[in-house]
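Let's take a friendly walk through this model together. Keep the structure open beside you, and turn it as we go.

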Amino acid sequence: AGCIYIDQVEIICTDLMKRLFKAEFVDVRPISGAVANVVVYTAFTEPGDVMMALSIPSGGHITMGKKELGGTAGAVHGLVVEYLPLDYKDMNIDVDRAKERISKLTKEGKPPKLVMFGGSVFPFPHPVRELTPVIREVGATVGYDAAHVAGLIAGGVFQDPLGEGADVVSLSTHKTFFGPQHGAVVSW
């Protein structure tokens, strides 16, 4: 009873998010950015798959952590987490070392199934455009955690992850994209 009104609000929110993020698919049901990340993990991976992301000390979110560190990707979804290398001088993902790491994992028979850009702390746009061809070459999905920069993306003043090649973007609705605490997943 009463869900008809919630359904109408959800449709309005979905349509608005599609326009803001230039997306064909939007799910506004996740209750947080962390839950949106779990939705992405569940949709694009199976337990035991390899996921690459920034380590937590390098700016990655706790949901991108290894099992032994209590990270959601490892502990909750059972992913094997490998870290994207950070260039500490430039404070960004090291493109050449990331390519080498992806190649090495693939040669070892452990190609990543999902590579997540974004995180909790990243002062500069991530090299989505530069790494997407290499990621796709090994059959992986390109994800982007935009929880902390979603408002900047929607406002057109930060990189456009979908436009640069990401397959899916997870986000929070209460940080730079200020609103009530919630989450969303957008894709093309």
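Look for Asp167 in the loop between α6 (150-154) and β8 (168-172). Bear in mind as you look that this is a predicted model. Is Asp167 buried or exposed? Its relative accessible area is 13%, and since buried means under 20%, Asp167 counts as buried. What surrounds Asp167? Leaving aside residues up to four places away in sequence, Asp167 is in contact with Arg136, Ala140, Thr141, Val142, Leu162, Ser187 and Trp188.

One of those contacts, Thr141, leads us into the strands. Thr141 in β7 is the bridge partner of Leu114. The two strands behind that bridge are β6 and β7 (residues 141-145), which pair in the parallel sense over 5 bridges. Helix α5 (residues 128-137) joins in as well: β6, α5 and β7 make up a β-α-β unit that is right-handed. As for β6 itself (residues 112-118), the strand is mostly covered, with 6 of its 7 residues buried.

Now follow Leu114 to another partner, because Leu114 in β6 also stands opposite Met51. Here β6 pairs with strand β2 (residues 50-53), again in the parallel sense, over 3 bridges. A second place to see this pairing is Val50, which stands opposite Pro112 in β6. Strand β2 also pairs with β3 (residues 80-83), in the parallel sense and over 4 bridges. In β3, Met51 has Val81 as its bridge partner. How are the two faces of β2 placed? Both are covered: Val50 and Met52 are buried on one side, and Met51 and Ala53 are buried on the other.

From Met51 you can step across to Gly65. The two are 14 residues apart in sequence, and their C-alpha atoms are 9.9 Å apart in space. Gly65 belongs to the loop between β2 and α3 (72-75). With a relative accessibility of 0%, Gly65 counts as buried. Setting aside residues up to four places away in sequence, Gly65 touches Ile56, Gly71, Thr72, Ala73, Gly74 and Val81. You have already met Val81 as the β3 partner of Met51.

Next, turn to the aromatic rings. How many aromatic pairs are there? The count comes to 3. In one of them, the rings of Phe122 and Phe158 have their centres 5.9 Å apart and their planes at 70 degrees, so the pair is edge-to-face. Phe122 sits in the loop between β6 and α5, while Phe158 sits in the loop between α6 and β8, so the pair ties together parts that are 36 residues apart in sequence. Both of these phenylalanines are buried. Ring pairs also bring in Tyr144, linking Phe122, Tyr144 and Phe158 into a cluster.

Two residues are worth a stop for their backbone angles. Most residues other than glycine have a negative phi. Lys22, although not a glycine, has a positive phi of about 50 degrees. Find Lys22 in the loop between α1 (3-21) and β1 (25-27). Its relative accessibility is 62%, so Lys22 counts as exposed. Met91 is also a non-glycine residue with a positive phi, in this case about 55 degrees. Met91 lies in the loop between β4 (86-87) and β5 (92-93), and at 40% relative accessibility Met91 counts as partly exposed.

The last stop is the largest pocket, which holds about 390 Å³ of space. Which residues are closest to its centre? Of the 17 residues in the lining, they are Cys13, Val28, Thr173, Pro180 and His182. The elements that give two or more residues to this lining are α1 and β9 (183-187). Helix α1 gives the most, with 7 residues.

Methods:
Residues are numbered from 1 along each chain as its sequence is written. This is a predicted model: local features need pLDDT of at least 70, side-chain atom pairs count only at pLDDT 80 or more; totals for chains, interfaces and linings use all residues. Side-chain values use heavy atoms; hydrogens and water are left out. Buried means under 20% relative accessible area, exposed over 50%, partly exposed in between (1.4 Å probe, protein chains only). A crossover is right-handed if, with the strands pointing away from the viewer, the path from the first strand over the helix to the second runs clockwise. Contact means heavy atoms within 4.5 Å. Rings of Phe, Tyr and Trp (its six-membered ring) pair if their centres lie within 6.5 Å; planes under 30 degrees apart count as stacked, over 60 as edge-to-face and the rest as tilted. On a 1 Å grid over the protein atoms alone, a cavity is a set of points where a 1.4 Å probe fits but cannot get out, and a pocket is an open set with protein on both sides within 12 Å along at least five of seven lines; lining residues have an atom within 4 Å of a point. Grid points are joined across faces, edges and corners, and a volume is the space filled by probe spheres set on the points.
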